[in-house]
There are 2 protein chains.
Amino acid sequence: MNDVAAAAGVALKTVSRVVNNEPGVNAATALRVHAAIDRLGYRRNDSARTLRRGRTASIGLVIEDAADVFYSSLSRAVEETALHHGCLLFTGSSQEDAARERDLVLAFCARRVDGLIIVPAGTDHTYLAPEFEAGTRAVFADRPPGAGCEADVVLSDNVGGARAGTAHLIAHGHRRVAFLGDLPRIFTAAERLRGYREALAAAGLPYDEGLVAMGPAEPARLRADLTRLLGASDPPTALLTGNGRTTVETLRALASITGSAPGPATTGAFPDRAPPGLGGLALVGFDDFELADLLGVTVVAQDPARLGRTAADLLFLRLAGDGGAVTRFELPTRLIPRGSGERPPPPRRDRG
Amino acid sequence: MNDVAAAAGVALKTVSRVVNNEPGVNAATALRVHAAIDRLGYRRNDSARTLRRGRTASIGLVIEDAADVFYSSLSRAVEETALHHGCLLFTGSSQEDAARERDLVLAFCARRVDGLIIVPAGTDHTYLAPEFEAGTRAVFADRPPGAGCEADVVLSDNVGGARAGTAHLIAHGHRRVAFLGDLPRIFTAAERLRGYREALAAAGLPYDEGLVAMGPAEPARLRADLTRLLGASDPPTALLTGNGRTTVETLRALASITGSAPGPATTGAFPDRAPPGLGGLALVGFDDFELADLLGVTVVAQDPARLGRTAADLLFLRLAGDGGAVTRFELPTRLIPRGSGERPPPPRRDRG
DNA sequence: CGACGCCTGGACAACGTTGTCAGCACGCCG
DNA sequence: CGGCGTGCTGACAACGTTGTCCAGGCGTCG
């Protein structure tokens, strides 16, 4: 900027004014300054600007895994909103690791981001207190913050969605519905388990721990759990899978267990169709996923983009000075019947 | 920092030394400083640090669309490498818009990122010249920079992959292979078209423009193009789809055209299986995608994570001072046969 | 014709950090 | 006992920008 001023034969401050479109600069002078800027290839140093002004016009986003379609959709929506507010976006993946979440958040704070959107991996967010003190705002998305951390949060209706999915299966005659979820320490997994149990209770069905398998969506784990479930004396006739990854890996595991491979399309019309490899099982998956429509998989759909958009809107509202009480949004889920969730259970042999 | 110094009864510089783990501070003094830091909840201001030191320890990544699995995988790999180098990552989606790409890149540069990884949407990168002058390094990924821009680039072997996919179909007896690609102004689309043509030429088959449809992967567009292709007097017996989105939307369009829906698995074993709704068509898709294995879709797989990792490694090599000549990496693709690409054409009616 | 106000431009400090250099105390050695 | 090296601490400038304040020139109005 100094060089530009020298080249244009004006004072530093005049260049600053021109660069920032501030009024009070003669048109001819501005022209001379612009010419110098172009000639020298000058670009304003936003680090210095940031330092002087206090606001960085950037926000930080911590998600679980940028490569997962759920979070990448959320991320994309946040990015769009941020850009709309003239903000740049730092992103980082916590990998479901509380320490890494914390390190990322603090690194963003050290960069003095104006705000944060966090999909928390950990359950202790007291480390944020000094940041809040310093004026940084945070909105939690998909999962709430740990106890003692007062912050806005935007969630999906996990309980309601799981309840609806389970009830849907029950309504189609199933009495033995298994639940395959993620680790119960993960908020959404625990909530969905709760919804599953509520639906069972509402239908007067017993809760059978033997029908529940919680853990990461790893192929080997799921194959083992499914083998156990299906080999039991009173096996489930339907499955509720607790998230998108689990649904997909369950389809894969089932295909490998039943030994069946996808086959050419039959002419069977909805709702007789069902994805390949399911055997006689009915299936409802939490989370929609690519090609679920073609595979005929019934799902309880969340809207990750809306989750991200809502969180970002809320954050910018706060950054604009909204000092209202901490809020908790809960976005609805939507059950999309596609065939796999509408199949009746096979006739029971022990009643034959 | 000033407050910390006052609270600890030491000079500013001493706090700086403690914060940066610089040697030459008495252990007792350091302890006092640490206590003051904790008490005040002090966090170093990296904006100021950045300003003083010149390096920001952050890089910028511009991709096409953060919500697309191809780019989100690439993005994730870049993020991992960046974190490994103690760098934070700015991300932005260009949405295939050259102006937006430029704005994002320049915004990152104004933030004084140390380096850039760019999946270019535009073909003119002369706007980068002042940045290069100022010492910013850039690596292009997936697509090369426009003419006149000397920079490292990491690509997939688009020509070779498309050639292999086409040759695979030809080897299975197909003589009428259609190509559904993206807009030809997109580098990868043009390259894959080239590979397709090379394979035809190598097999002595004519290039028939009527078998080629280039455009964005929009359902309506694809449905129209496919209807036209399949309704022609001499329709294709096989398809090569030019990217992941196109493959998925093609499957969807075919399902809606043929009216067939996915059906329960048959016991047909590989390679007789094929995805639902294909009719008698053979299909090879460029890019692997989730569930392609279950659907039995043969693909030419790229490795987006490796693309991102390679680009990031190259960037950090440059940032570490490597001044070698500009390089151009070309990563191999891999043909994964899964059934849809191994089906022979139906017996030709006109030869009855 | 003079005073006043507006428009334009510039000098200077400050943002929070780090690099440079100087100073001080202490201990050791000559 | 003095000089000097060493280990620790501090003062100060600088990074590049912007906010505040002031000065000078010119037009206008009394």
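**Contacts with DNA strand D and a helix of chain B**

Trainee: What makes the approach of B:Arg17 to a base nitrogen of DNA strand D a polar contact?

Mentor: In this predicted model, an N or O atom in the side chain of B:Arg17 lies 2.6 Å from that base nitrogen. The cut-off for such a pair is 3.5 Å, so the pair qualifies as a polar contact.

Trainee: Which residues make contacts with a phosphate oxygen of DNA strand D?

Mentor: B:Asn26 places a backbone N or O atom 2.8 Å from a phosphate oxygen, and B:Thr29 places a polar side-chain atom 2.3 Å from a phosphate oxygen. Both distances are within 3.5 Å, and therefore both pairs count as polar contacts.

Trainee: Which residues come nearest to DNA strand D?

Mentor: Of the 25 residues around the strand, these are A:Met1, A:Ser16, A:Tyr42, B:Arg17 and B:Thr29. Of the strand atoms that come within 4 Å of the protein, 60% belong to sugar and phosphate.

Trainee: Which helix gives the most to the surface near DNA strand D?

Mentor: Helix H4 of chain A does, with 5 residues. By class, that surface has 9 nonpolar, 7 polar and 9 charged residues.

Trainee: How do you know that the span of helix H13 of chain B is close to the expected one?

Mentor: This helix, residues 304–319, has 16 residues and reaches 22 Å from its first C-alpha to its last. The expected value at 1.5 Å a residue is also 22 Å, so the span is close to expectation.

Trainee: Why is B:Leu307 called buried?

Mentor: B:Leu307 is among the buried residues of H13 in chain B, because its relative accessible area is under 20%. What covers these buried residues includes helix H5 and strand E1 of chain B.

Notes. Residues numbered from 1 in each chain as written. Chains lettered and ligands numbered in written order. Predicted model: local features only at pLDDT ≥ 70, side-chain atom pairs only at ≥ 80, totals over all residues. Heavy atoms only, no water. Near = heavy atom within 4 Å. Polar contact = N/O pair within 3.5 Å; in protein donor to acceptor, adjacent residues only side chain to side chain. Helix = DSSP H or I, 4+ residues; strand = E, 2+ residues; numbered from the N terminus. Nonpolar A, V, L, I, M, F, W, Y, C, P; charged D, E, K, R; others polar. Buried < 20%, exposed > 50% of the residue type's maximum accessible area, 1.4 Å probe, protein only. Contact = heavy atoms within 4.5 Å.
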